[in-house]
Amino acid sequence: MTLQLERPVTTTEMQRFKAIDEAFPDLHAEMIDGEVCIETVVTSAHGNMVLSIASQLLSKWFVMTEVNTVYEGWHGTTYLRPDLSVADPSYRGKNHETFPADEVILVGEVVSKSNPENDTRRKVTKYAQAGIPYYLVVDPTKGQCLLYSLPSEGRYRSKVESKFGDPVSVGAPLDTEIDTSALYTY
């Protein structure tokens, strides 16, 4: 289900947005360019893929799931909750309901069956606009990962495709290879 808003969201409306989330725990809401996108809560397959990636990064980095990500350049019309966000380990030990996009090093999304364009097209632009160095798209419908990098002028200049089972190399500052052997198609 989607709803299009005509103007930026105010702080009061953001609090209402949060209240709706709390009232309907079986739903997951985000907003992209003023359009509210509501989907059912992730499946266990989806969640397991997020956990597989997060567990590989937790020992060295601050890893968040489903945290409200904000960026001033989105002008209050976009409110995203990435499946996975990675930031500097200095953020550990703090509770973050919202997190500034310009502090995120890598964001990851497992493609949704119900609305894949959000993860594969629309969010690519939004994360690039925010200057997030890496955007990892895990696509279980195609059995592949796409790693976007080098954000510049609202777009990513590089995209590397990997099949499930092949490692995904992420550059500095993460300097790691993500093992995708536990990922699977659905």
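The exercises below, each with a worked solution, concern a predicted model of a protein chain.

**Exercise 1. Describe the chain as a whole: how many helices and strands does it have, and what share of its residues is buried?**

Solution. Begin with the secondary structure, where the count gives 3 helices and 13 strands. Next turn to burial: of the 186 residues in the chain, 47% count as buried. Finally, look at how the contacts are spread along the sequence: among contacts with a separation of 6 or more, 56% are made by residues 24 or more positions apart.

**Exercise 2. Work out in which order the strands of the open sheet lie, and which of them are the edge strands.**

Solution. The open sheet is formed by 6 strands, which follow one another in the order β4-β6-β8-β9-β10-β11, with mixed pairing. The edge strands are β4, residues 62-64, and β11, residues 155-163, each of which pairs on one side only. If direction is ignored, neighbouring strands of this sheet are turned against each other by 15° on average. For a detail of the pairing, take β4 and β6 (residues 84-87), which pair in the antiparallel sense over 3 bridges; phenylalanine 62 stands opposite alanine 87 of β6.

**Exercise 3. Find which strands α2 touches and which strands α3 lies across.**

Solution. Take α2 to begin with: this helix packs on the sheet and touches β4, β6, β8 (104-110) and β9 (134-139), while its direction makes about 10° with that of β6. Then take α3, which lies across β8, β9, β10 (144-152) and β11 and runs at about 170° to β9.

**Exercise 4. Decide whether histidine 46 is buried or exposed, and name what it touches.**

Solution. Locate the residue in the chain: histidine 46 belongs to helix α2, which covers residues 44-57. Its relative accessibility is 6%, and because a residue under 20% is called buried, histidine 46 counts as buried. Leaving aside residues up to four places away in sequence, histidine 46 touches Asp83, Val110 and Tyr186. For valine 110 a further detail can be given, since its backbone oxygen lies 3.2 Å from a polar atom of the histidine 46 side chain.

**Exercise 5. Examine helix α3: what is its span, and where is its kink centred?**

Solution. Helix α3 comprises 14 residues, 116-129, and from its first C-alpha to its last it reaches 20 Å, close to the 20 Å expected at 1.5 Å a residue. The helix nevertheless has a kink of about 45°, centred on lysine 123. Lysine 123 is also one of the buried residues of α3, which include Asn118, Val124 and Tyr127. After the helix comes glycine 131, with a positive phi near 75°.

**Exercise 6. Consider the backbone at leucine 150, aspartate 175 and proline 173: what is unusual in each case?**

Solution. Start from the general rule, which is that most residues other than glycine have a negative phi and most peptide bonds are trans. Leucine 150, in strand β10, has a positive phi near 60°, and with a relative accessibility of 44% this leucine counts as partly exposed. Aspartate 175 has a positive phi of about 45°; its relative accessible area is 57%, and because values over 50% are called exposed, aspartate 175 is exposed. Proline 173 is joined to alanine 172 by a cis peptide bond, with omega about 5°. As for position, proline 173 is in the loop between β12 (168-170) and β13 (176-178), and aspartate 175 is likewise found in the loop between β12 and β13.

Technical notes:
Residues numbered from 1 in each chain as written. Predicted model: local features only at pLDDT ≥ 70, side-chain atom pairs only at ≥ 80, totals over all residues. Heavy atoms only, no water. Helix = DSSP H or I, 4+ residues; strand = E, 2+ residues; numbered from the N terminus. Buried < 20%, exposed > 50% of the residue type's maximum accessible area, 1.4 Å probe, protein only. Polar contact = N/O pair within 3.5 Å; in protein donor to acceptor, adjacent residues only side chain to side chain. Contact = heavy atoms within 4.5 Å. Expected span 1.5 Å × (residues − 1). Bend = angle between axes of the 7 residues up to and from the residue. Pairing = 2+ DSSP bridges. Axes fitted to C-alpha atoms, helices over the stretch in contact; angles between N-to-C directions.
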